[in-house]
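Colleague: I am new to this entry and should like to go through it with you. Please show it to me first.

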Amino acid sequence: MKIVELNRNNSILNQYLAEIRDVNIQGDSLRFRRNIERVGEIMAYEISRDLPYQPLEIQTPLAMATENVPTIQPVIATILRAGLPLHRGFINYFDRAENAFVSAYRKYIDADNFDIHIEYIASPRLDGKTLILVDPMLATGGSMELAYKALLTKGEPAHIHIASVIASRQAVEHVQKVFPQDKTTVWCAAVDPELNAHSYIVPGLGDAGDLCYGEKE
Ligand SMILES: O=P(O)(O)OC[C@H]1O[C@H](OP(=O)(O)OP(=O)(O)O)[C@H](O)[C@@H]1O
Ligand SMILES: O=c1cc[nH]c(=O)[nH]1
Ligand SMILES: [Mg+2]
């Protein structure tokens with residue numbers, strides 16, 4: 001399974017990631033959402049390089065031109081609610097993509113233990129398609145795994161891309177166990193070393209959903 005950590009190479013993505021993490025900047029929720037969206041745009045561009053292409057003949061005002069263009073449009077799936085700004089970044093680039101939405105939330109049993117609940121799924125058929133699963137945080141990997149299993153009820157994708165802003169090392173290992181090795185690629189802006197007792201990524205960024213949309217009850 002190919003794992004790509006985009007912050008290993010210097011690019012403007014690192015500036016957006018620094019602002020997303022920065023406790024003195026991330027409280028500006030408009031900037032936080034836009035920075036997540038910009039990471040989504042950069043990831044969409046990177047993933048676009050892995051798609052199949054074929055030449056297209058185009059009539060310009062002066063002559064014929066040929067450009068290689070993608071032969072497919074992916075399905076962009078996300079997990080509510082923190083996934084929404086990242087998803088928006090992806091569809092800013094894949095403007096003819098189909099889309100899927102899954103809800104997932106942590107229901108805490110006590111301070112440190114929780115189950116993940118999936119209650120809502122809206123998806124096109126996925127058979128033979130390229131599925132891009134986008135969620136800014138891959139902490140334990142549990143939400144991503146359960147969202148994928150829910151989406152499999154809509155068909156078997158030909159290839160799966162997982163795109164996260166920050167993943168924990170543990171979640172990357174989990175994904176390597178539960179997703180098909182031969183047809184999954186993982187894209188992260190950063191991979192962080194630890195989870196804390198509440199299964200939050202450390203250093204991470206805090207709670208992505210709350211930073212986007214406010215605290216929930
Ligand atoms: O890898 P996991 O351990 O499953 O954690 C990651 C999940 O946590 C966050 O969502 P959260 O449950 O906070 O919901 P929210 O988007 O409504 O805030 C995040 O967007 C992921 O979906
Ligand atoms: O670090 C984490 C873990 C789960 N959800 C978040 O928003 N952040
Ligand atoms: Mg949250």
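Colleague: Where is Pro203 found?

Modeller: This is a predicted model, in which local features need pLDDT of at least 70 and side-chain atom pairs count only at pLDDT 80 or more, while totals for chains, interfaces and linings use all residues. Residues are numbered from 1 along each chain as its sequence is written, and chains are lettered from A and ligands numbered from 1 in the order in which they are written. Helices (DSSP runs of H or I, at least four residues) and strands (DSSP runs of E, at least two) are numbered from the N terminus. With these names, the place of Pro203 is the loop between β14 (201-202) and α6.

Colleague: Is the peptide bond joining Val202 and Pro203 cis or trans?

Modeller: The angle to examine is omega, which is about 5° between Val202 and Pro203. The bond joining these two residues is cis.

Colleague: Which residue follows Leu80 across a cis peptide bond?

Modeller: The bond that leaves Leu80 has omega near 5°. The residue after this cis bond lies in the loop between β4 (75-80) and α3 (83-93). That residue is Arg81.

Colleague: What is the phi of Ser199, and is its sign positive or negative?

Modeller: Ser199 sits in the loop between β13 (194-195) and β14. Although Ser199 is not a glycine, its phi is positive, at about 60°.

Colleague: Which helices each supply at least two residues of the shell around ligand 1?

Modeller: A residue belongs to such a shell if its C-beta atom, placed from the backbone, lies within 6 Å of the molecule. By this rule 22 residues surround ligand 1, and the closest are Ala82, Ala139, Thr140, Ser143 and Gly209. The strands β6 (105-108) and β10 (137-138) each supply at least two residues of this shell. So do the helices α4 (142-151) and α6 (208-213).

Colleague: Which glycines are around ligand 2?

Modeller: The residues around ligand 2 include Ala82, Met137, Ala139, Tyr200 and Ile201. Asp207 and Ala208 are also among them. The glycines in this group are Gly204 and Gly209.

Colleague: How many helices and strands does the protein have, and what is its radius of gyration?

Modeller: The secondary structure comes to 6 helices and 14 strands. For 217 residues the globule rule (2.2 Å times the number of residues to the power 0.38, for a radius taken over C-alpha atoms) gives 17 Å. The protein comes close to that value, so it is as compact as a globular protein of that length. Its radius of gyration is 18 Å.

Colleague: How far apart are the end C-alpha atoms of residues 11-214?

Modeller: Along the principal axes, the C-alpha atoms of the protein fill a box of roughly 65 × 40 × 30 Å. Over residues 11-214 the chain is 32% helix and 32% strand. The end C-alpha atoms of this stretch are separated by 30 Å.
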